[in-house]
Amino acid sequence: MAEAEAYRRFRAPQEDGQTLVDPPRSTLGGVIARNRAHLADLDYDLQGRSLAELAAAARRSLVEQALAYTGRYRDVSPRHLEAAQSGGPLVLSGHQPQLFHAGVWYKNFVLGDVAAEVGGAAIHLLIDSDLCRAASIRVPTGSVAEARLETVPFDQPAMDVPYEERSVHDEATFAEFAGRACQLVRPLVASPLLETLWPLMPAGLVGERNLGLRMAQGRHRLEAEMQSDTLELPQSVVCSLAEFHWFVAHLLAHLPRFWAAYNDSLAAYRYAHRLRNRAHPVPDLAQYDGWQEAPFWMWTADDPRRRPVFARQRGDQLELTDRHGQTMTLALSVERDADVAAEQLAAAAAGGVKLRTRALATTLFARLMLSDLFLHGIGGAKYDQVTDDIARRFFGFSLPEYAVASATLRLPIAHAAEQHESMREVRRQLRELAYHPERFLPANGASAAALAAVREKTQWIDTLKTPHNARARHQAVTGANAALKSFLAPQCEALERQRHEIEHRLAVDSILNSREYSFCLFPREHFERLLRG
């Protein structure tokens, strides 16, 4: 099993305005050069095609698709086309198409800057195979003294389906979202970015109907206004590439080995981090009656509930099923080239069957086949160490190194400092009142009854505890403490009032200090100060 030291610990920046780029920004050019050299040295066969050949074709296809997709809604700089034609470096990142927090947004700007510095192309993948679980954000409102959170929807609730399948259900709710959210946040933030972001959304019948892509395109247009030069592409398009189908065929042909590498890597991670929850960081791949689970989802537009894929070998045929009626048979085995199987996967996709990578397989393909550097956030960086281990076990070599970029930005709301020290002191005094109330009695003037309770408690404390007197001793000391507290009611009530006041202040502070608010609630100049810093 792996030792805990084998895994790096990534921690989000703690201070407001603090950023994290790891390895350091100044070294990323060298990381990209090492990654390119590493990939060039690899000699690996994927069912009849070399890794170098397949990766080169995949990269050309990726850039062509990203140029075409991005060009539909914003200008594309010549730099990306030049980088694609010259075989320049590809720098990638990815996230769900949602209104993520400012620390995630910071990564998008680092992506564009790093690619520009090395003369490469920057592509942000929209991970639309993930589930769209909510169509709302939380917005702080009220006053500094009485801040509270309101949930503001930008669409009506709907069944949890992949972002790829989630269309806008209520155009009125979507159109009114910015006005409602801005009205709520303005007592605390005067000019949220949302005011300029929402008009950039391609809404209406002539615009983008997909909820996630509509928001992503509006956000990407705003990034263009802020001089961020990147391309974007939905993961669903990546999963339509011919090279992707070939890669899938290779994993499926060797599924027993990949299945073991996947689960063994998860077991090593859990052991090193002392995790008992077998769903963390992701569940194991399952098996039943000769079927093994593969690292993919499957669904159709008619039935958009994503389900895991299971496979089993039958001679020179590989059978796939989602265990809910969707099946597929591929002409594929360990010894066969993947040309026929890749064509069959492409035909199934053309017929409406959607085969998509799950989390670890998504970054496995992106880092091995598509990029010279993949830029993660904190969560992705932490869990992609499992992907590193899977690759070593399955392929027999290491994946190219990735980088991490994140930031902590809090809303610019002036308020008093948190009162954790005050709360600790009040709780200490309340505990003292509960267990040592005699210490709070006045030095002179205590009543005779109080002094009698003190003498009784002292007598019992000075009595040696034995198995025979333990119960009576405990009851006597507890009774004496209760009697003494009755003489200290004003002090107790004052401390309780103070505790409640501090608890309320801390609850308000937790609202004002959160780093999880959507980037669109921040003033533009406040976020731009983060970029300049």
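What follows is a short chat about a few features of this structure.

Reader: What kind of model is this, and how are residues numbered?

Author: It's a predicted model, where local features need pLDDT of at least 70, side-chain atom pairs count only at pLDDT 80 or more, and totals for chains, interfaces and linings use all residues. Residues are numbered from 1 along each chain as its sequence is written, and side-chain values use heavy atoms, with hydrogens and water left out.

Reader: Why is glutamine 47 called buried?

Author: Buried means under 20% relative accessible area, exposed means over 50%, and partly exposed is in between (1.4 Å probe, protein chains only). Glutamine 47 has 5% relative accessibility, so it counts as buried. It sits in the loop between β2 (45-46) and β3 (49-50); strands like these are DSSP runs of E with at least two residues, while helices are runs of H or I with at least four, all numbered from the N terminus.

Reader: And what makes arginine 274 count as exposed?

Author: Its relative accessibility is 77%, so arginine 274 counts as exposed. You'll find arginine 274 in the loop between α10 and β11.

Reader: What is there to say about phi in glutamine 47 and in arginine 274?

Author: Most residues other than glycine have a negative phi. Glutamine 47 isn't a glycine, yet its phi is positive, about 50°. Arginine 274 also has a positive value, near 55°.

Reader: Which peptide bonds are cis?

Author: Most peptide bonds are trans. Here, one cis bond joins aspartate 22 and proline 23, with omega about 0°. Another joins histidine 280 and proline 281, again with omega about 0°. Proline 23 lies in the loop between β1 (18-22) and α1, and proline 281 in the loop between α10 (255-273) and β11 (287-288).

Reader: How do you know that α9 and α12 meet?

Author: Contact means heavy atoms within 4.5 Å. Glu243, Phe244 and Phe247 in α9 meet Leu364, Phe365, Leu368 and Met369 in α12. By class, that contact has six nonpolar residues, no polar ones and one charged. Ala, Val, Leu, Ile, Met, Phe, Trp, Tyr, Cys and Pro count as nonpolar, Asp, Glu, Lys and Arg as charged, and the others, Gly among them, as polar.

Reader: At what angle do α9 and α12 pack?

Author: Helix α9 (residues 242-253) and helix α12 (residues 359-370) pack at about 115°, with axes 12 Å apart. The axes are lines fitted to C-alpha atoms over the stretch in contact, and angles run from 0 to 180 degrees between N-to-C directions.

Reader: What makes an empty space a cavity, and how many turn up?

Author: On a 1 Å grid over the protein atoms alone, a cavity is a set of points where a 1.4 Å probe fits but cannot get out; a pocket is an open set with protein on both sides within 12 Å along at least five of seven lines, and lining residues have an atom within 4 Å of a point. A search of the whole structure finds one cavity of 30 Å³ or more. The largest cavity has a volume of about 60 Å³, volume being the space filled by probe spheres set on the points, which are joined across faces, edges and corners. Its lining includes Phe244, His245 and Arg356, and divides into eight nonpolar, one polar and one charged.

Reader: What lines the second largest pocket?

Author: That pocket has a volume of about 380 Å³. Of its 19 lining residues, the closest to the centre are Arg36, Ala55, Ala56, Arg59 and Gly87. The largest share, seven residues, comes from α2.
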